[in-house]
Amino acid sequence: QQVAKLQEDLTASKASLAQAKTAEAGLKSLTTEKLALETKVAKLDQDLAAASAKLRSTEAAASQLTAAESRLKTLEASLSAARQDKAKVEAQLADQSKSVVQLKGQLDQQAPRVAQIEQEREKLTSQIRQMTADRNAQ
């Protein structure tokens with residue numbers, strides 16, 4: 001009976017040992033799977049960090065684009081104002097050119113009268129000199 005009991009215990013121990021080996025193999029498999037998952041999680045973390053950096057870069061670029069668009073609108077407004085000012089100045093210049101032409105015409109009209117007055121002045125100056133010379137001679 002004892003031998004039978006020992007035989008039973010041995011069989012039970014062998015079965016327990018087989019179960020333990022199976023459990024150990026399962027544990028090794030799960031450990032390997034866990035490491036693979038940890039590696040995959042680390043890779044996904046890296047991908048997430050890269051995507052976040054790219055998103056921040058894209059947001060910064062979008063912000064720069066918005067700022068550039070705003071500057072462009074400001075420059076366009078300044079350009080429009082400058083064009084209006086240029087048109088005003090050109091109109092004023094045209095008016096002044098007309099005035100200059102008119103004044104030149106008036107000046108040309110006055111030129112003969114000025115020449116006549118200068119001749120009369122020279123004639124009077126000559127007469128005054130002559131009269132002064134005659135008086136001094138007396």
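Let us begin with charge pairing: the salt-bridge count for this chain comes to 5. The model in front of you is a predicted one, and three of these pairs make a good path into it.

Start with lysine 34, which forms a salt bridge with glutamate 38; their closest N and O atoms lie 3.8 Å apart. That distance qualifies because a salt bridge here calls for a side-chain nitrogen of Lys or Arg within 4 Å of a carboxyl oxygen of Asp or Glu. The two residues are 4 apart in helix α1, so about one helical turn separates lysine 34 from glutamate 38. Glutamate 38 has a relative accessibility of 41%, and therefore counts as partly exposed.

Moving along the helix, you come to aspartate 47 and lysine 43. Their salt bridge has its closest N and O atoms 2.8 Å apart. Once again the spacing is 4 residues within helix α1, which means that about one helical turn lies between aspartate 47 and lysine 43. How exposed are these two partners? Aspartate 47, at 35% relative accessibility, is partly exposed, and lysine 43, at 45%, is partly exposed too.

A further pair brings together the side chains of lysine 104 and aspartate 108, which meet in a salt bridge at 3.6 Å, N to O. Here too the partners sit 4 residues apart in helix α1, so they are separated by about one helical turn. Lysine 104 is partly exposed at 47% relative accessibility, and aspartate 108 is partly exposed at 45%. As a general point, side chains of opposite charge can pair when their charged atoms come close.

Now step back to the element that carries these pairs. How many helices and strands does the protein chain have? There are 1 helix and 0 strands. Helix α1 covers residues 2-137, and serine 52 is found in it. Serine 52 also gives a handy sense of scale: this residue and glutamine 102 are 50 residues apart in sequence, and their C-alpha atoms are 74 Å apart in space. With a relative accessible area of 28%, serine 52 is partly exposed, because buried would mean under 20% and exposed over 50%.

The overall dimensions let you place that distance in context. Along its principal axes, the C-alpha trace of the protein chain spans about 190 × 35 × 10 Å. The radius of gyration is 57 Å, whereas a compact globule of 138 residues would have one near 14 Å.

What share of the residues counts as buried? Of the 138 residues in the protein chain, the share is 0%. The accessible surface of the protein chain amounts to about 12,700 Å², with 59% of it belonging to carbon and sulfur atoms.

Finally, return to charge, this time for the chain as a whole. The protein chain has 21 positive and 18 negative charges, and the mean positions of the two sets are 2 Å apart.

Conventions
Residues are numbered from 1 along each chain as its sequence is written. This is a predicted model: local features need pLDDT of at least 70, side-chain atom pairs count only at pLDDT 80 or more; totals for chains, interfaces and linings use all residues. Side-chain values use heavy atoms; hydrogens and water are left out. Buried means under 20% relative accessible area, exposed over 50%, partly exposed in between (1.4 Å probe, protein chains only). The radius of gyration is taken over C-alpha atoms; the globule rule is 2.2 Å times the number of residues to the power 0.38. Accessible areas come from the Shrake-Rupley method with a 1.4 Å probe; for residues, only the protein chains shown count as cover. Lys and Arg count as positive and Asp and Glu as negative; His and the chain ends are not counted. The place of a charge is taken as NZ of Lys, CZ of Arg, CG of Asp or CD of Glu.
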